[in-house]
Amino acid sequence: MTAATYRERLQEREFRLTAQRLLTAHLCPDTPGFWRGIDLDLTAATLTGFSLHRCAARSVIFKSATFTGYADFSAATFTGPADLSGTTFTGGVTFGSATFHRDADFEWATFTDHANFESTTFTTADFEWSTFTDGANFEAAHFTAPANFGSTTFTDGVDFERATFTEATFAAATFTGYADFRSATFTTADFTATTFTTNADFEDTTFTTADFRNATFDRGRPSGLSAFLDE
């Protein structure tokens with residue numbers, strides 16, 4: 001790399017970071033110059049150390065975007081649809097305590113570092129075919145409409161402890177790390193053809209209806225599921 005090329009890339013990075021900081025400042029309701037009701041489209045963008053902490057926007061599109069470094073969406077509010085399909089997070093990311101009032105689309109998203117959705121509130125949530133490679137935390141997350149984790153891959157531990165679901169599907173999902181569903185609440189749950197290759201914990205989990213047909217538990221049947229696995 002020549003010195004001129006290096007300077008150009010450095011300048012481009014600094015310009016991008018400055019634009020990100022300005023965007024964050026204008027999307028924070030507590031700051032002067034708040035842009036109310038913004039529709040944000042950053043399709044296929046490369047974002048470094050991106051933050052929408054405590055920010056608010058209407059619709060957001062990050063389709064096929066790449067986030068490098070830590071991405072912070074904690075306590076953010078999205079009143080319109082949020083499209084993060086095909087998005088790649090190469091560093092850690094948090095959506096802790098964020099609120100999605102409309103559809104949240106994470107289909108085919110890739111999380112290569114830890115992903116935090118603790119206490120996040122979703123309406124419709126789609127994580128179908130997404131991949132979590134370094135652990136995910138959905139503890140106390142609240143899904144008020146259908147949540148789709150069909151064919152999702154969790155290659156490290158995942159925590160759904162105390163999460164609440166109305167209609168949830170984990171059909172054909174794969175859990176190769178510890179799967180924690182303790183004290184979770186499901187109205188309707190679909191775990192057909194789901195694979196658990198290590199321990200799965202459903203202690204004190206509540207189901208109204210659940211389907212575990214053709215589910216595989218390589219470490220043996222977890223306690224709390226006898227009534228459903230014997231059907």
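Start by selecting Phe143 in this predicted model. Phe143 has a relative accessibility of 1%, so it counts as buried. Now add Phe122, which is buried as well, with a relative accessible area of 0%. Look at the two rings together: Phe122 and Phe143 form a stacked aromatic pair, with 4.8 Å from centre to centre and 5° between the planes. The pair links distant parts of the chain, with Phe122 in strand 15 (residues 121-122) and Phe143 in strand 19 (residues 142-143), 21 residues apart.

**A second pair of rings**

How many aromatic pairs does the structure hold? There are 66 aromatic pairs. For another geometry, select Phe89 and Phe95. Their ring centres are 6.3 Å apart and their planes meet at 85°, so this pair is edge-to-face; the angle passes the 60 degrees that this class requires. Colour by accessibility if your viewer allows it: Phe89 is buried at 0% relative accessibility, and Phe95 is buried with a relative accessible area of 0%.

**From Phe95 to Thr120**

Keep Phe95 on screen and add Thr120. You will find Thr120 in the loop between strand 14 (115-116) and strand 15. Is Thr120 buried or exposed? Thr120 is buried, with a relative accessible area of 0%.

Show the side chain of Thr120 and look for two backbone oxygens. That of Phe95 lies 2.6 Å from a polar atom of the Thr120 side chain, and that of Phe117 lies 2.9 Å from a polar atom of this side chain. Next, display the surroundings of Thr120. Leaving out residues up to four places away in sequence, Thr120 touches Phe95, Gly96, Ser97, Ala98, Phe100, Ala141 and His142.

**Into the nonpolar core**

Now select Phe62, Phe73, Phe106, Phe138, Phe170 and Phe212. These touch the most other members of the largest nonpolar core, which has 67 residues. To see which elements give two or more residues to this core, highlight strand 23 (164-169), strand 26 (185-190), strand 29 (206-211) and helix 2 (226-229).

Stay with Phe170 for a moment and show what surrounds this residue. Not counting residues up to four places away in sequence, Phe170 touches Phe149, Gly150, Phe160, Phe165, Phe175, Phe181, Phe186, Asp190, Phe191 and Thr194.

**The seven-strand sheet**

Switch to a cartoon view. The secondary structure comes to two helices and 30 strands. Pick out the open sheet of seven strands, whose order is 6-10-14-18-22-25-28, with parallel pairing. Which strands stand at the edges? They are strand 6 (71-72) and strand 28 (200-201); each has a single partner strand, so one side of each is left without a neighbour in the sheet.

Zoom in on strand 28 and its partner, strand 25 (residues 179-180). The two run parallel and are joined by two bridges. To see one of them, select Ala179, whose bridge partner in strand 28 is Ala200.

**A glycine in a loop**

Move along to Gly135, in the loop between strand 17 (131-132) and strand 18 (136-137). Gly135 is buried, with a relative accessible area of 6%. Leaving aside neighbours within four places in sequence, Gly135 is in contact with Asp113, His114, Ala115, Asp156 and Gly157. Then add Gly92 and draw a distance between the C-alpha atoms: Gly135 and Gly92 are 10.0 Å apart in space and 43 residues apart in sequence.

**Two cysteines**

Select Cys28 and Cys55. Cys28 is buried at 14% relative accessibility, and Cys55 is buried with a relative accessible area of 3%. Why is there no bond between Cys28 and its closest cysteine sulfur? The sulfur of Cys28 is 5.3 Å from that of Cys55, too far for a bond, given that a disulfide needs the sulfur atoms within 2.5 Å. Starting from Cys55 gives the matching view, with Cys28 holding the closest cysteine sulfur at 5.3 Å. The count for the structure is zero disulfides.

**Zooming out**

Finish with the whole protein in view. Buried residues make up 46% of its 231 residues. Among contacts with a separation of 6 or more, residues 24 or more positions apart account for 9%.

Methods:
Residues are numbered from 1 along each chain as its sequence is written. This is a predicted model: local features need pLDDT of at least 70, side-chain atom pairs count only at pLDDT 80 or more; totals for chains, interfaces and linings use all residues. Side-chain values use heavy atoms; hydrogens and water are left out. A nonpolar core is a set of buried Ala, Val, Leu, Ile, Met, Phe, Trp, Tyr and Cys residues joined through side-chain atoms within 4.5 Å. Buried means under 20% relative accessible area, exposed over 50%, partly exposed in between (1.4 Å probe, protein chains only). Helices (H or I, at least four residues) and strands (E, at least two) are DSSP runs, numbered from the N terminus. Contact means heavy atoms within 4.5 Å. Rings of Phe, Tyr and Trp (its six-membered ring) pair if their centres lie within 6.5 Å; planes under 30 degrees apart count as stacked, over 60 as edge-to-face and the rest as tilted. A polar contact is a pair of N or O atoms within 3.5 Å; within protein, one must be able to donate a hydrogen and the other to accept it, and residues adjacent in sequence count only if both atoms are side-chain atoms. Two strands pair if DSSP finds at least two bridges between them.
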